[in-house]
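Reader: I am new to this structure. Please take a close look at the ligand and its surroundings, then show me how that part sits in the chain.

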Amino acid sequence: MTVFTSATPRSLDDPGFREHYLRLVGDGDEYGAIEAVNALLDEGVPAQRIMTDLIAGTQQRVGELWAANEWSIAREHAATAISERALASVAARTHVRPRRGRITIACVDGEWHALPVRILAEMLRLDGWRVDFLGASVPGPHLVTHLHQTGPDAVALSCMISTRLPRAHAAITACRAAGVPVIAGGRGFGPGGRYAEKLTADAWADGAEAAVARLATDWPPPIDDPSTAAFLGDDEYTWVVRGRGELIAATLEHLAATYPHVRDYDQRQTDATAEDTGHIIDFLAAALYVGDDRLFTDFIDWTNAVLTARDVPTQALAAGLRAIRDQLHDWPSSLRMLDAGLARLDPK
Ligand code: B12
């Protein structure tokens, strides 16, 4: 438990406060973190600022520390659990009577990042919305059933990982067909939300504050064409998705021949290689779905940084991409994307 002393920074404007708070969540000091946010509320800091500046900002730092291999997955999980408690604690001290419409908030099927939208949910509550928070990984058909039962004015749909975009598209289409406009958000929709419009979302916002502002004006937008096709995938996309399991197996086999280090891998390293190969194929499929090579090359840059921080040489990733490329020689878009990915790993 943290004991506040005269030396403990108490203001969100004090640059030391964020570091102090990060230490609390990183040390698993749940009571200390809750005391810290309560102290800010007592000092008159608006709840919205605590949620978006402190709690969301700290989670972003947690992500960077995990990516840089400075924090373990367990430490990230523990910190996230504390952030959830701290958020709940701030929310419990705020009461706003609903005066706007009703909104359903959900993560796309297969999307487990519930905290970012929980922050959005609390921000919208504070702005007077009646919120139905459905949390992580909501299957599309169940989401639509919920809409029929509750009749909201909007659906806020979160996608933090781009591999879920095909599911996001199906969910957006189904919500709009049920007559409910969709605001999309989360980094999975790409920089500037570039895939949200393509997947026919009615609006996009890059954070909770922007979403509050967007929903407070000109909502609902007219739903002009609710019957837009729910599937953008072509033969190539379908082939890659259906062949995922075989592609992973063939890639591992191929790697054993072309990258001899894998023959000395222990079980954990072999499992991690299979998992990483699966991620590469999933991101390739998502890039094929939205027809944008950048989705794949951005992912390769990110994976390379994460693997480098874990002392996995760039050559291993390059060998993996080549092994996948060899399985996909008949598919032109995949070849182009894999070549573009390989070019990112080439130091020249
Ligand atoms: C905690 C965490 C997890 C937890 C989530 C638990 C939970 N209860 O939420 C768990 C362990 C489940 C997890 C799993 C994974 N994660 Co993770 N995770 C994170 C982490 C560290 C924090 C997430 C968070 O709370 N962020 C804080 C919020 C507030 O961030 P924010 O984006 O600014 O949120 C705002 C906007 O996104 C927006 N927003 C979000 N949704 C919506 C919706 C609407 C409608 C609107 C308008 C706005 C909006 O509003 C939010 C509030 O302002 C992030 C790092 C990060 N920078 O976010 C990685 C991160 C998102 N995860 C990442 C990865 C890779 C994964 C995994 C694939 C890891 C793995 N190998 O298994 C899995 C995927 C699981 C899945 N299929 O969903 C990567 C994604 C990178 C990429 N290339 O896409 C990140 C960025 C980590 C990193 N630094 O690289 N993760």
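Author: Start with α3. In this predicted model, α3 gives six residues to the shell around the ligand, the largest share. The helix runs from 47 to 67.

The shell as a whole has 38 residues. Among the closest to the ligand are Q60, W112, H113, S158 and W302. By class, the shell holds 20 nonpolar residues, twelve polar ones and six charged ones.

Now the polar atoms. Q60 places a polar side-chain atom 2.5 Å from an oxygen atom of the ligand. H113 also uses its side chain: an N or O atom there is 2.8 Å from a nitrogen atom of the ligand. A114 works through its backbone, where an N or O atom lies 3.0 Å from an oxygen atom of the ligand.

Several other elements join α3. Those that give two or more residues to the shell include α4, α5 (115–126) and α9 (208–216). The strands β3 (154–158) and β4 (182–185) are on that list too. So is α12 (267–290).

Next, place these pieces in the chain. The chain is divided into three parts: domain 1 covers 15–92, domain 2 covers 102–216, and domain 3 covers 235–345. Twelve residues of domain 1 and eight residues of domain 2 form the contact between those two domains. Their C-alpha centres lie 24 Å apart.

The two domains bury about 820 Å² between them. Carbon and sulfur atoms account for 84% of that area. On the side of domain 1, M51, T52 and L87 lose the most area to domain 2. Together these three make up 50% of what that side buries.

What does the rule find in the way of salt bridges across this interface? Zero, between domain 1 and domain 2. The count of residue pairs in polar contact across the interface is also zero, with both residues at pLDDT 80 or more.

Here α3 returns. Both α3 and α4 (73–92) supply at least two residues of the side of domain 1 that touches domain 2. With seven residues, α3 gives the most to that side. The side divides by class into six nonpolar, five polar and one charged residues.

So much for the interface; back to the helix. α3 gives the largest share of the ligand shell, and α3 also gives the most to the side of domain 1 that touches domain 2.

How values were computed
Residues numbered from 1 in each chain as written. Predicted model: local features only at pLDDT ≥ 70, side-chain atom pairs only at ≥ 80, totals over all residues. Heavy atoms only, no water. Domains from an automatic or database assignment. Contact = heavy atoms within 4.5 Å. Buried area = accessible area lost by both parts, 1.4 Å probe. Salt bridge = Lys/Arg side-chain N within 4 Å of Asp/Glu carboxyl O. Polar contact = N/O pair within 3.5 Å; in protein donor to acceptor, adjacent residues only side chain to side chain. Helix = DSSP H or I, 4+ residues; strand = E, 2+ residues; numbered from the N terminus. Nonpolar A, V, L, I, M, F, W, Y, C, P; charged D, E, K, R; others polar. Near = heavy atom within 4 Å.
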